[in-house]
Every structure is written in structure tokens, then in C-alpha cells.
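Let's take a relaxed walk through the inside of a protein. We'll look at its aromatic rings and then at its nonpolar cores.

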Amino acid sequence: MRAEDGELTSKHQPLLVLSKITEILDAFSLSRPSMTLGEIHQATGLPTSTVQRLVSNLVAQEFLDRTGDQIRIGVKMAFWAATATKGLDVLTVVTPVLKEIRDATGETASFFRVEQGYRVCVAIAETEHALRRNMYVGKIVPLPAGSAGRVLLAWNPDLTEQVLAGPIEPMTEGTVTDTAVLRELIHQAKADGYAITAGEREDSASGLAAPVFDSSADVIGALAISGPTLRMPREQCEKWVDLLVGSAEQITRTLGGRYPS
């Protein structure tokens, strides 16, 4: 072997190891934060011996933490993530994801936050269809109506109690005004990890939404897809759940957030 060949091998060999380490770290997600060695092997497809060796080294270096047979991302990684996300603007992260959702579905994608007891649209990627819902940055909507409001309430129990304590004004005939029914729907959204609604805020309009969390596992916003029910019957909304929930998880991870335990 020529000297330069040996040099090439020595330079590139660590990259192969790094790619395997990346596969292991990428196997963890907000929906699967803890795994056994066997589950990591199944998720990555790496040989069992490779998984055992790399995981042992990652645990030793505190990239991973191990409790019994359960392995999860190490606390040291959270420290590094905090420095990476410090000063990172939420909308800078959200905006390109909204455009990806809009391009994939053809429908309007929006991001809502809670402001003074209402939900407010703070970012949007509008559909190119002529027939669209009336939504724009700065639009204020009552929290009880619609999928985004349901998601924002599902992970904010104090706000939920405030909303359910007062009368709920109907926006359409489909607005849920019975507080007992609304409470059950909020609980269901939390159990599902998303919400789908139709005709609650506007007649003949549908929406689905999923939560985004910060590093304290507090909900900071709702990612939503909305459009006419004609194009978005429930069956279509259900087909987009994985896309939406995955996108919300992507934003959460980029911001250094985590799901509530």
C-alpha cells in the first residue's frame, strides 16, 4: 500500500465510525426516548457487536445514559443543545417547515401561539388554491374552536380550566360549547398527540394540529394544516397526521425541546 493510500484510509476511517454513531443517536426520538440494546440494533440494522461496542463507549463519554437495560440520550448532549439553540428564533425554525408542509399537502400551514387567552397566528405558508380559509399572520382566534386551540389547551391544564370556567361563544353551528364534551375532546387530543376538527371555527373548513414543545416540555405552539372540508375530509386529515406530527417533532428537536414525560 502506498503511503498516500494509508493516509487516505486513516483519514476516512473515523468518518465510518461517526456515521454509525450518528445512526445510533438518530434512532432516538421524542416518541422513543429510551431503548434497549436490542431495540437499537433493530432500529439501526447495525451488527449487535457494533451496537454493544459503540453504545458502551458512548455511555462512557456521557453521550448516552444507561439505567438498567434502558439507554437514552445523555444529559451532556442537552448541555450542548442548549448552547446551539440559545438565541435561536422560533419563527426562523418554523417558517421553512411550514413551506414544506404546504408544498407536500397543497394546503395552508400555520403556527399558532397563546397570547392573552387567545390563539394567534404568528407564521403561515398559504395554499395556492383560490378557495382557501381566511388566515393571516396576526389573526386572533378564540381558543376553544378549532384543532390548534384544542392542542394548545391539551398541554396547558391551567389555561384549560380558565376556558372551561366561562361560557363558550359559538363561532359556527359546529363549535363545541358544552364544557363537558370539550373537556373530553381536549383529553383525547392529548392522548392522541394531535387534533382534527371540522366546521368549528368556519363552516365547511377543516384543520389538524400538533404541539411543539420547549426544553422545559411546555407547549409553545401548535403546528396546523387547514383548508376547505371539500379538500380536507377527515379521511384526508388522518393521512396527513404522520407528516404533521413528524414536522412538529422536528421543530421541537431543533429548538432543543422535549415531550412531557
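Here is a short report on the rings and cores of this predicted model.

**Aromatic rings**

A pair of aromatic rings is described by the distance of the centres and the angle of the planes. Search the whole structure and you find two such pairs. Here they are side by side:

| Pair | Distance between centres | Angle between planes | Type |
|---|---|---|---|
| Trp155 and Phe213 | 5.7 Å | 80° | edge-to-face |
| Phe213 and Tyr259 | 4.8 Å | 55° | tilted |

Why is the pair of Trp155 and Phe213 called edge-to-face? Their planes stand at 80°, and the label applies to angles over 60 degrees.

Both pairs bring together distant parts of the chain. Trp155 sits in the loop between helix H6 (147–154) and helix H7 (157–165), while Phe213 belongs to strand S8 (residues 205–213), 58 residues apart. In the other pair, Phe213 of strand S8 meets Tyr259, which lies in the segment after helix H10 (241–254), and here the separation is 46 residues. Through these ring pairs, Trp155, Phe213 and Tyr259 are linked into a cluster.

So how buried or exposed are the three members? Phe213 has 0% relative accessibility, so it counts as buried. Trp155 is buried too, at 15% relative accessibility. Tyr259 is partly exposed, with a relative accessible area of 24%.

Another ring has a charged partner: Arg119 lies over the face of Phe112, 4.7 Å from the ring centre.

**Nonpolar cores**

In soluble globular proteins, nonpolar side chains tend to be buried together. The largest nonpolar core in this model has 25 residues. Which of them have the most contacts inside it? They are Leu98, Phe111, Leu208, Leu223 and Ile251.

Several elements give two or more residues to this core: helix H5 (90–105), strand S4 (108–115), strand S5 (118–125), S8, strand S9 (219–228) and H10. Helix H5 gives the most, with six residues.

For a closer look, take Leu223. Leaving aside residues up to four places away in sequence, Leu223 touches a list of residues including Leu98, Ile101, Phe111, Leu208, Leu244 and Ile251. Ser110 and Ser247 are also among its contacts.

Apart from the largest core lies another one, of 24 residues. Among them are Met135, Val163, Val176 and Leu182.

Key: Residues numbered from 1 in each chain as written. Predicted model: local features only at pLDDT ≥ 70, side-chain atom pairs only at ≥ 80, totals over all residues. Heavy atoms only, no water. Phe/Tyr/Trp six-rings, centres within 6.5 Å; stacked < 30°, edge-to-face > 60°. Helix = DSSP H or I, 4+ residues; strand = E, 2+ residues; numbered from the N terminus. Buried < 20%, exposed > 50% of the residue type's maximum accessible area, 1.4 Å probe, protein only. Lys NZ or Arg CZ within 6 Å of the ring centre and 35° of its normal. Core = buried A, V, L, I, M, F, W, Y, C linked by side-chain atoms within 4.5 Å. Contact = heavy atoms within 4.5 Å.
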